[in-house]
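Visitor: I am new to reading structures, and I would like a close look at a single part. Could you take me slowly through the place where the ligand sits, and then through the parts of the chain around that topic?

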Amino acid sequence: MISEIKKIGIIGAGQMGNGIAHVCSLSKYEVILNDLDKDNLDKGMATIQGNMARQVSKGAISEEQMQAALDNITPSLALDSMSEVDLVIEAATEHEETKRKIFSAVTPILRPEALIASNTSSLSITRLAAATDRAEQFIGIHFMNPVPVMKLIELVRGIATDENTFKTAKQFADNLGKTVAVSEDFPAFMVNRILLPMINEAVYTLYEGVGNVQSIDTAMRLGANHPMGPLQLADFIGLDTCLSIMQVLYEGLADTKYRPCPLLVKYVEAGWLGRKSQRGFYDYRGEVPIPTR
Ligand SMILES: NC(=O)c1ccc[n+]([C@@H]2O[C@H](COP(=O)([O-])OP(=O)(O)OC[C@H]3O[C@@H](n4cnc5c(N)ncnc54)[C@H](O)[C@@H]3O)[C@@H](O)[C@H]2O)c1
C-alpha cells in the first residue's frame, strides 16, 4: 500500500485542477495534469504559468522555483498517463455521472496500490468510492478556490476509507502547507453546507428585487465584513458549480430550504457561468466588471 506520495495525476485542468497542479508542483511533487479538452488543458497550463509569474514578481517565489515547478508538470490528454501515479485527484466538472465515468475509465490503468481522491464540492465520497475498485483507498480531498491562496483542505472519509489512506492524505495536505478540517461524508461537507445556502439566498434577494447586484454585494461586504460580496463570490466559484451543490443539498437532505433559486438556474441555462465564461452576475468582458442586473 502507498504511504508516501511522489507522483500525482490530476484529472480536470479547470479552475481547481490547475490550482492543485500549481501547489503540488511547487511542493516538488511530479504532476500529470489531464483534461479531455485541449483548449481547457492549454488554458490551465497558461493560468499556472501566469499565476506563478505573478508570485515571482511579488517575491513570493524565485524564478528558479517557478521554472522547477513548471518542469514538474506534464500536460496530458489521455488517461494512460496515469499508470505510474501514486495518487489521482479527480477535479473534473461537478457532475456525478461524469465523475463515475472517469473512475471506471482510470481504475484499470492505475497501479493497484494507487490512491484515488475526489475534489468534489458536495457529492457523496462513499458513492463515488463505490464507482472504483478500491473504496478503502478512496478519499475526499477538497481544496478551496483559489488553491494557491486558500489555506484549508477538507478531508472527507467515505464509509470504507481506511486509516492508511487518511494518514497519507493528511501528510500530503501537511506537505502542501495547508490546514486540514475533517468532515463527515454528508452533502456539501462543512464549508459549502454553510456557504452555498447564503449565496443561494443572495440570489433570491436579487430575484425578489430586494436589491440589485451591486447593492447586495456592497451590503454584505460592508455590513457583514465579507471580503467579497456573495454574488461576486458565486461568479468566482462558477454558477454551474453553485447550482450543482444546491441540487445535491436539496436532494441529499430533502429539505425545501435548499431549493436552488430559479434565477440561478436561468443564469446557468444561459451559459452565464461567472468569471470562467466571462459573464455571470457581472459581465467581465470590459475593463471593469459591470453588474448584469
Ligand atoms: N470552483 C470552485 O470554487 C471549487 C472549489 C472547490 C472544489 N470544486 C470542485 O472542483 C471540481 C472542478 O471544478 P472547477 O471549478 O475546476 O470546474 P471547471 O469547469 O473550471 O473545470 C472542470 C474541468 O474538467 C474537465 N473535464 C470534464 N470532464 C472530464 C473528463 N472526463 N476527463 C478529464 N477532464 C474532464 C473540463 O474540460 C474542465 O476543464 C468540481 O468537482 C467542483 O465542485 C470547485
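Guide: What follows is a walk from the ligand outward to the sheet and then to two loops.

Please keep in mind from the start that this is a predicted model. The ligand is surrounded by 26 residues, and the closest of these are Asp-35, Glu-94, Lys-99, Ser-121 and Ile-237. Two of these names come back when we look at individual polar atoms: an N or O atom in the side chain of Lys-99 is 2.7 Å from an oxygen atom of the ligand, while Ile-237 places a backbone N or O atom 2.8 Å from a nitrogen atom of the ligand. A further polar side-chain atom, belonging to Lys-276, lies 3.0 Å from an oxygen atom of the ligand. Taken alone, the ligand would expose 840 Å², and the protein buries 89% of that area.

If you ask which elements give two or more residues to this shell, they are α1 (15-26), α4 (96-106) and β6 (138-143), and α4 provides the largest share, with three residues. Sorted by class, the shell holds eight nonpolar, 13 polar and five charged residues. Both domain 1 (7-184) and domain 2 (192-291) take part, since the shell draws at least three residues from each of them.

Strand β6, which we have just met in the shell, also leads us into the sheet. This is an open sheet of eight strands in the order β3-β2-β1-β4-β5-β6-β7-β8, and its pairing is mixed. At its edges are β3 (73-76) and β8 (179-183), each of which pairs on one side only, and from one strand to the next the twist averages 25 degrees. In general, strands of a sheet pair through backbone hydrogen bonds, and they may do so either parallel or antiparallel. Here β5 (residues 115-118) and β6 run parallel and are joined by three bridges, with Ile-116 of the chain standing opposite Phe-138 in β6.

Finally, two loops deserve a careful look at their backbone. Most residues other than glycine have a negative phi, and most peptide bonds are trans. In the loop between β6 and β7 (152-157) we find Pro-146, which is joined to Asn-145 by a cis peptide bond with an omega of about -5 degrees. In the loop between α8 (213-223) and α9 (230-237) lies Asn-225, which has a positive phi of about 60 degrees although it is not a glycine.

Terms used
Residues numbered from 1 in each chain as written. Predicted model: local features only at pLDDT ≥ 70, side-chain atom pairs only at ≥ 80, totals over all residues. Heavy atoms only, no water. Near = heavy atom within 4 Å. Polar contact = N/O pair within 3.5 Å; in protein donor to acceptor, adjacent residues only side chain to side chain. Areas by Shrake-Rupley, 256 points an atom, 1.4 Å probe, with all protein chains shown as cover. Helix = DSSP H or I, 4+ residues; strand = E, 2+ residues; numbered from the N terminus. Nonpolar A, V, L, I, M, F, W, Y, C, P; charged D, E, K, R; others polar. Domains from an automatic or database assignment. Pairing = 2+ DSSP bridges. Axes fitted to C-alpha atoms, helices over the stretch in contact; angles between N-to-C directions.
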